[in-house]
Amino acid sequence: MEPKIKIQDYSYNLPQERIAKYPLEKRDSSKLLIYNKGEIKESIFRTLPSFIPQGSLMVFNNTKVVPARLFFRKETGALIEIFCLEPVNPSDYAVSFASSGCCSWNVVIGNARKWKSGEVYLMCDNADSEASKLNLRAELISKGQNNGSIVKFIWDGGASFSEVLDICGRIPIPPYLNRDTEALDYERYQTLYAKIKGSVAAPTAGLHFTGEVFEALENKCIEKENVCLHVGAGTFVPVKSEYIADHKMHTEPFEVSLAFLEKLCSLKDGQKVVAVGTTSTRTLESLYFIGVQCIENGRPGPVEQWEPYRKEYVYTMKEAIGAIVSYLQSNNMDKLVARTGIIIVPSYKFRVVDMLVTNFHQPQSTLLLLISAFIGGDSWKDVYNYALDNGFRFLSYGDSSLLFRL
């Protein structure tokens, strides 16, 4: 049953000046808040490895942000912004990025009232530029509400769509930064370990990691593994309903390797799983319910928003993950590809994640609800009041926290 939670109960005053508009010069010089069962400490991010138990398994989201914002003009001169969300034809990310000549995407259209049909053309002032030579245009296939529009992109020259975006697109920094994309964002709004293209927002908990931090983790025998969840624009959608039960959670695609799932099954008693970011957390926790589907239905499927709350689940984490491993092995598959719309709110029972590295999130957001569920009760208020009272910087380019599960 959906929990009866008023979103107003998860609000706090976030002054504009506490939102970090730019990253610090050094990634790992950000502040680090450590919360463990009511105790709050403060440090610098580069010391993170000292707070994580030796032998822990640390899980990162290695998705890569794409330059998903494109600006076009109609023949009338009207400016049209197209924000690419997810491929439609072909629907596979890798295949779509490799497409040459055309492909279709689900998009958000800025100034949509000015574009009812026909083609628009890439806004480009220099006729001799690389972007101009691509002759990129967009055709409106269907127009829907919010994220429901589909656009077909067409271009010349034989370049892949990945190359087209790199040449013509802009990195989609969060709207709450209230500024245009700048040169530094192409490097700093990307984790050092980003690998698989597909996100329109960064998994920002990972922005603090440096080579030095990774070396310190390795020296402490902390294992590092990757999952990939492509972060959608839904991560910025505010909760507008009075009760969270009426909020529609966005769904996102993810994939994990068979080898990683086997490692989860072989965890020793007491070995901690540390999720880097809420996207890694949502991926890891979704695996449990996909495992339940494999046990009860014989195959995996998408994880629905309220699936974790509909009944009591008696399977252990290793039983559930083991069922996915068996399914993949019996079907000669080396990875799980799935989708999740899971929402994690107070009353949720965590099955996989023991510790969480995460930034400080917006008031009345689903991410703040996840934090509350993770550390329990009103403890999030203690954490956020401490951060506000002690000069922590908030949101994507802000400071970090290490949270121990209740």
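## A bridge to start with

Let's open with a charged pair: Lys-263 and Glu-223 make a salt bridge, and their closest N and O atoms sit 2.9 Å apart. Lys-263 belongs to helix 6 (residues 258-265) and Glu-223 to strand 12, so this contact ties together parts that are 40 residues apart in sequence. How accessible is Lys-263? Its relative accessible area is 23%, so Lys-263 is partly exposed. Glu-223 is partly exposed too, with a relative accessible area of 30%.

Keep in mind that this is a predicted model. Everything below is read from that prediction.

## The chain as a whole

Stepping back, the chain's secondary structure adds up to ten helices and 17 strands. Along the principal axes, the C-alpha atoms take up a box of roughly 65 × 55 × 45 Å.

What radius of gyration would a compact globule of 406 residues have? The expected value is near 22 Å, and the chain has 22 Å, so the two agree. As for what is tucked away, 56% of the 406 residues in the chain are buried.

## More salt bridges

Searching the whole structure turns up 17 salt bridges. One of them joins Lys-6 and Glu-242, where the closest N and O atoms are 3.6 Å apart. That pair links distant parts of the chain, 236 residues apart: Lys-6 is in the segment before strand 1 (31-36), while Glu-242 is in the loop between strand 12 (223-229) and strand 13 (252-257). Lys-6 has a relative accessible area of 34%, so Lys-6 falls in the partly exposed class. Glu-242 reaches 51% relative accessibility and therefore counts as exposed, since the cut-off is over 50%.

Arg-69 and Glu-81 also meet through their side chains, in a salt bridge of 2.8 Å from N to O. Here the partners are in strand 5 (residues 69-73) for Arg-69 and strand 6 (residues 79-89) for Glu-81, so the bridge ties together parts that are twelve residues apart in sequence. Is Arg-69 buried or exposed? Arg-69 counts as buried, because its relative accessibility is 17% and the limit for buried is under 20%. Glu-81, at 23%, is partly exposed.

Some charges are joined in a group. Lys-26, Asp-28, Arg-46 and Glu-212 are linked in a network of salt bridges.

## A positive patch

Which residues form a positive surface patch? The members are Arg-113, Lys-114, Lys-116 and Lys-143.

Lys-143 can be placed in the loop that runs between strand 9 (137-142) and strand 10 (149-154). With a relative accessible area of 41%, Lys-143 is partly exposed.

## Far apart in sequence

Ile-40 offers another view of how the chain comes together. This residue lies in strand 2 (residues 39-44), and Ile-40 is partly exposed, at a relative accessible area of 24%. What is the separation between the C-alpha atoms of Ile-40 and Tyr-386? They are 8.2 Å from each other, although these residues are 346 residues apart along the chain.

## Backbone oddities

A few backbone angles are worth a look in the viewer. Most residues other than glycine have a negative phi, and most peptide bonds are trans. The peptide bond from Asn-89 to Pro-90, however, is cis, with omega near -5°. You'll find Pro-90 in the loop between strand 6 and helix 1 (93-98).

Asn-332 is not a glycine, yet its phi is positive, near 55°. Asn-332 is in the loop between helix 8 (317-330) and strand 15 (335-340), and at 74% relative accessibility Asn-332 counts as exposed. Leu-395 is also a non-glycine residue with a positive phi, about 70°. Leu-395 sits in the loop between helix 10 (379-389) and strand 17 (400-404). Is Leu-395 buried or exposed? Leu-395 is buried, with a relative accessible area of 4%.

Key. Residues numbered from 1 in each chain as written. Predicted model: local features only at pLDDT ≥ 70, side-chain atom pairs only at ≥ 80, totals over all residues. Heavy atoms only, no water. Patch = residues over 30% accessible without salt bridge, like charges linked within 9 Å, V, L, I, M, F, W, Y side chains within 5 Å. Areas by Shrake-Rupley, 256 points an atom, 1.4 Å probe, with all protein chains shown as cover. Salt bridge = Lys/Arg side-chain N within 4 Å of Asp/Glu carboxyl O. Lys, Arg positive; Asp, Glu negative; His and termini not counted. Charge placed at Lys NZ, Arg CZ, Asp CG, Glu CD. Helix = DSSP H or I, 4+ residues; strand = E, 2+ residues; numbered from the N terminus. Buried < 20%, exposed > 50% of the residue type's maximum accessible area, 1.4 Å probe, protein only. Rg over C-alpha atoms; globule rule 2.2 N^0.38 Å.
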